[in-house]
Amino acid sequence: MLPAYIQIHDHIKAEIDEGVWKIGQRLPSERDLSDDFEVSRMTVRQAITLLVDEGILERRMGAGTFVASSRVKEKMRGTTSFTEIVKNQGKQPSSRLISYNRIRPNEFEIKHLGLQPKSYVVRMERVRYADDLPVVYEVASIPEKLIRDMNKKEVTEHFFKTLTNNGYSIGKSQQTISASLADSKLAKYLSVSKGAAILNLTQVSFLQDGQAFEYVRSYYVGGRFEFYLENN
């Protein structure tokens with residue numbers, strides 16, 4: 001059975017899709033929702049936070065939580081590493097590793113990476129820089145079996161290049177972008193003020209054979225990075 005907060009997330013999302021909750025409509029308070037679902041406020045908060053991260057809901061300071069305005073979804077072309085993007089702009093990329101752990105996958109890693117619950121992922125947190133200016137904080141999850149024999153330093157500093165050097169061919173990616181405000185943790189790592197504009201990118205990257213090799217949640221400083229979308 002799915003965790004309670006995932007069930008609540010799916011229930012609210014389904015109601016939004018069905019028009020029970022309209023764009024711009026305010027949701028009940030966490031206390032009221034916890035009474036309705038007969039769970040703790042912490043469980044409701046987990047579900048709401050996930051919906052906010054996905055861009056389905058938005059929090060407004062002092063006003064509550066609302067169904068987010070419709071977003072235009074465009075497909076970004078190709079799968080390109082942060083390192084290559086920064087180099088192509090004539091800047092020097094670098095990374096600071098925050099954590100690097102071999103652990104059991106959570107529900108989202110199982111889903112997006114097509115893993116078995118008893119397998120392992122390597123989950124690493126990094127701050128990525130362009131010319132020593134912090135641009136993005138990211139949490140990347142990689143199937144452990146894929147990089148078991150690879151050098152940790154190479155994986156953490158230039159993962160995509162390390163993959164290709166080991167004979168893998170990188171294919172497509174699936175990306176979702178939303179907006180949020182920096183919390184205390186992001187403000188610290190990205191050297192911005194709490195409440196600064198943040199672009200959230202969730203990306204699943206695949207090899208040419210269709211195998212998912214990375215699930216990453218990235219938080220970009222709004223004034224330091226922009227995405228270019230191209231249509232056919």
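**Exercise 1. Find which residue in S8 stands opposite Val-139, and place the pair in its sheet.**

*Solution.* Start with the pair: Val-139 stands opposite Arg-217 in S8. A word on the model before we go on: it is predicted, so local features need pLDDT of at least 70 and side-chain atom pairs count only at pLDDT 80 or more, while totals for chains, interfaces and linings use all residues. Residues are numbered from 1 along each chain as its sequence is written, and side-chain values use heavy atoms, with hydrogens and water left out.

Next, look at the strands. S5 (residues 133–143) and S8 (residues 212–221) pair in the antiparallel sense over six bridges. Pairing requires that DSSP finds at least two bridges between two strands. Strands (E, at least two residues) and helices (H or I, at least four) are DSSP runs, numbered from the N terminus.

Now widen the view. The open sheet has six strands in the order S3-S4-S5-S8-S7-S6, with antiparallel pairing. S3 (93–103) and S6 (170–181) are at the edges with a single partner strand each, so one side of each has no neighbour in the sheet.

**Exercise 2. Work out which residues of helix H2 (residues 30–37) are buried, and what they pack against.**

*Solution.* First, list them: Glu-30, Leu-33 and Ser-34 are the buried residues of H2. Buried means under 20% relative accessible area, exposed over 50%, and partly exposed in between (1.4 Å probe, protein chains only).

Second, check their directions. The three cover an arc of only 100 degrees around the axis, which puts them on the same side of H2; the arc is that of the directions from the helix axis to the C-beta atoms. In general, an α-helix has 3.6 residues a turn, so residues three or four places apart point the same way.

Third, find the partners: the buried residues of H2 pack against helix H3 (41–53) and strand S1 (57–60). Finally, turn to the face away from the buried side, where Arg-31, Asp-35 and Asp-36 are exposed.

**Exercise 3. Describe the phi and surroundings of Glu-38 and of Asp-132.**

*Solution.* Begin with the rule: most residues other than glycine have a negative phi. Glu-38, in the loop between H2 and H3, has a positive phi near 60 degrees. At 71% relative accessibility, Glu-38 counts as exposed.

Then take Asp-132, in the loop between S4 (121–130) and S5. Phi of Asp-132 is positive too, near 70 degrees, and at 68% relative accessibility Asp-132 counts as exposed.

Definitions and conventions: Contact means heavy atoms within 4.5 Å.
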